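Colleague: I would like to check the labels on this model. Take me through the reasoning, one label at a time.

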Amino acid sequence: MNAPKKRKLLIQIGIIFALIFIFVTPVIVVIQITGNLGTYLEAKREHLTPILEHTANSLIKNGPVFEWLLDMWETHADELKEFLSDENNTVVAYPDEVEDLMMKEEVSMDEVNKLTDDDKILFSMLNFKIFQMNLDLMQYSKENETIMIISLKKENLGFIYDIGHGEGLLELDTGTLLGEKLWQDDEIPDIMNEYVAGTRSDITFERVEIKKAQYYSYVGYKPVSLSGKPRFAVCVLHDWSQYHTSMLHRLYILVAVSLGIFALAAVVLLAFVNKVAIHPLKSIQKTVRTYMQDKDSRGVTEAMDRVTQKNEFGVLAEDISDLAVEIDRYNTENARLIGEQKRLETELNLAAAIQKGVLPADFPEEQEYVLYASMTPAKEVGGDLYDYFSIDDSHVGLVIGDVSGKGIPASLFMMITKKLLKQYALAGNSPSEVLRLTNVALCEDNVSDMFVTVWFGILDLSSGRIVAANAGHENPMLRGKEGPFEMFRDKHGFVLGGMDMSRYKEYELTLEPGGTLFVYTDGAAEATNKEDQLFGTDRMLEALNQDPSLMPKELCETMSSSIDAFVGDAPQFDDLTMLCVRYNGKKGS
């Protein structure tokens, strides 16, 4: 692996880890923010709930009077604002009737109604101030919390009154919000409408976020009914903008620390990857390329021994080293086998040439008879045999046989059989005796248990009579002077080389002048096509009878062509041998 490729691989790995970090970090941040914020707001909910409960209970100790006070605040909102903003109103002397009522713990509406209109307004404003002071004394109002009441009266729905002296909503555009309507009529929250309709009466919390103003609050509402109707809602607003800013600050620190850790981890990881993966991979690649050029397995083994990593690359290095050794062993063995194969091919070619030389190649076209034979082996050398030879001036021996098995052993057995048959025939023996003597000779020392089927006949040239014997061979086919070929079912004896006690029977055939004898091995009848169908003797007779008057050579060629057309591309499994004799009659007759 060259340097540019190595850098490219490291960059790709770095990009992968960076993408993983980019996708994972936001998820972690969101989980952390959500978890922290949820915990924080849950704590605030537990904190604000008793404030809502206590404030609501303290406001409605005297329900009728407080309901009257709400109406007064809503009716004289502007005056209430001015009163609360006047710093001197705390030292002004108030009418005795107003001071007396202010000193009482409980005030009835009858006592309130005795006041003049101006005193009623003053009494309501002083009570608002007292509510604020009491809440301050109870320490419910803190720097980031505001306690308010919101009118639920239909005609004044949404009016809000600050009674807690907090910051909160007081910093919004509506100023102090004292007697101001918090929402437009078409913007009133569903919570307020549900309170007015009486379909909700529980304490409810909601989050309010104004991101442009960087304002974040958590608001709790508790509705209160007076005279059987929803009249106001106590509202506690907690401003957590500072907490939001602090949380963002911690988030920025977390991201910065994470980036630093990621950068350090990436450097360490890339160095580790380079050591345990890229470096050994580079060494393995270089070694493989070197081996492809010089085919030196020793160099591969030495190089792979230097890859000491105890991981997949170490295992790969061992496998490559073993593979290189095995390839060298295979190449050596393959070279030996190729030499052996060439030697066998040479021997087979020599055996085929010897076999071809043993079988007759020159066929007579004399006045008395015409003969032709052919042998097509399934392998380089075959086990079939044919022969013809003159026994005397008026007799000709005819032989065709089929040895069990294929190849050189069958070819050797075939040549021995051919020699024995000719030897015993030239000694003047009859066909049956020739087969018997040959069988006895073949059975001696037949350690390979091979055998051969043979048809042997002696043709009398003066009369056309054939005396023949059959040792397990195929039935011959005959044709008279005129007419078609027909199968002659002769008497079969046992194969030669099987049992030394076998005996064979003779029979006679007579060929008229113009008659033809056709003998063959089972490779013709048992030729098989792709559908595993046999050519069979019926198709053989059909091929011979296409033109039965043809001379022996043409008849053999016609038979071969018919078999080839039938077999097609299917392989040849057996040797194919044919011998054909046409008897013309004695010379001068």
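Modeller: Start with a cut-off: buried means under 20% relative accessible area. Note that the model is predicted. Phe66 has a relative accessible area of 2%, so Phe66 is buried.

Colleague: What makes the pair of Phe66 and Phe232 edge-to-face?

Modeller: Ring centres must lie within 6.5 Å, and planes over 60 degrees apart count as edge-to-face. Here the centres are 5.2 Å apart and the planes make 65°, so the pair is edge-to-face. Phe66 sits in helix α2 and Phe232 in strand β6, so the pair ties together parts 166 residues apart in sequence. Phe232 counts as buried, at 1% relative accessibility. Phe66 and Phe232 also belong to one aromatic cluster with Trp73 and Phe128.

Colleague: Why is the pair of Phe205 and Tyr218 called stacked?

Modeller: Planes under 30 degrees apart count as stacked. The planes of Phe205 and Tyr218 are at 15°, with centres 5.4 Å apart, so the pair is stacked. Phe205 is in strand β4 and Tyr218 in strand β5.

Colleague: Why does Ile130 count as partly exposed?

Modeller: Partly exposed lies between the 20% and 50% limits. Ile130 has 29% relative accessibility, so Ile130 counts as partly exposed. Ile130 is found in helix α6.

Colleague: Why is α11 called oblique to α12?

Modeller: The axes of α11 and α12 cross at roughly 140°. Roughly antiparallel needs over 145 degrees, and roughly perpendicular runs from 65 to 115. The angle fits neither, so α11 is oblique to α12.

Colleague: How many residues of that contact are nonpolar, polar and charged?

Modeller: The contact of α11 with α12 has 11 nonpolar residues, 2 polar and no charged.

How values were computed: Residues numbered from 1 in each chain as written. Predicted model: local features only at pLDDT ≥ 70, side-chain atom pairs only at ≥ 80, totals over all residues. Heavy atoms only, no water. Axes fitted to C-alpha atoms, helices over the stretch in contact; angles between N-to-C directions. Helix = DSSP H or I, 4+ residues; strand = E, 2+ residues; numbered from the N terminus. Parallel < 35°, antiparallel > 145°, perpendicular 65-115°, else oblique. Nonpolar A, V, L, I, M, F, W, Y, C, P; charged D, E, K, R; others polar. Buried < 20%, exposed > 50% of the residue type's maximum accessible area, 1.4 Å probe, protein only. Phe/Tyr/Trp six-rings, centres within 6.5 Å; stacked < 30°, edge-to-face > 60°.
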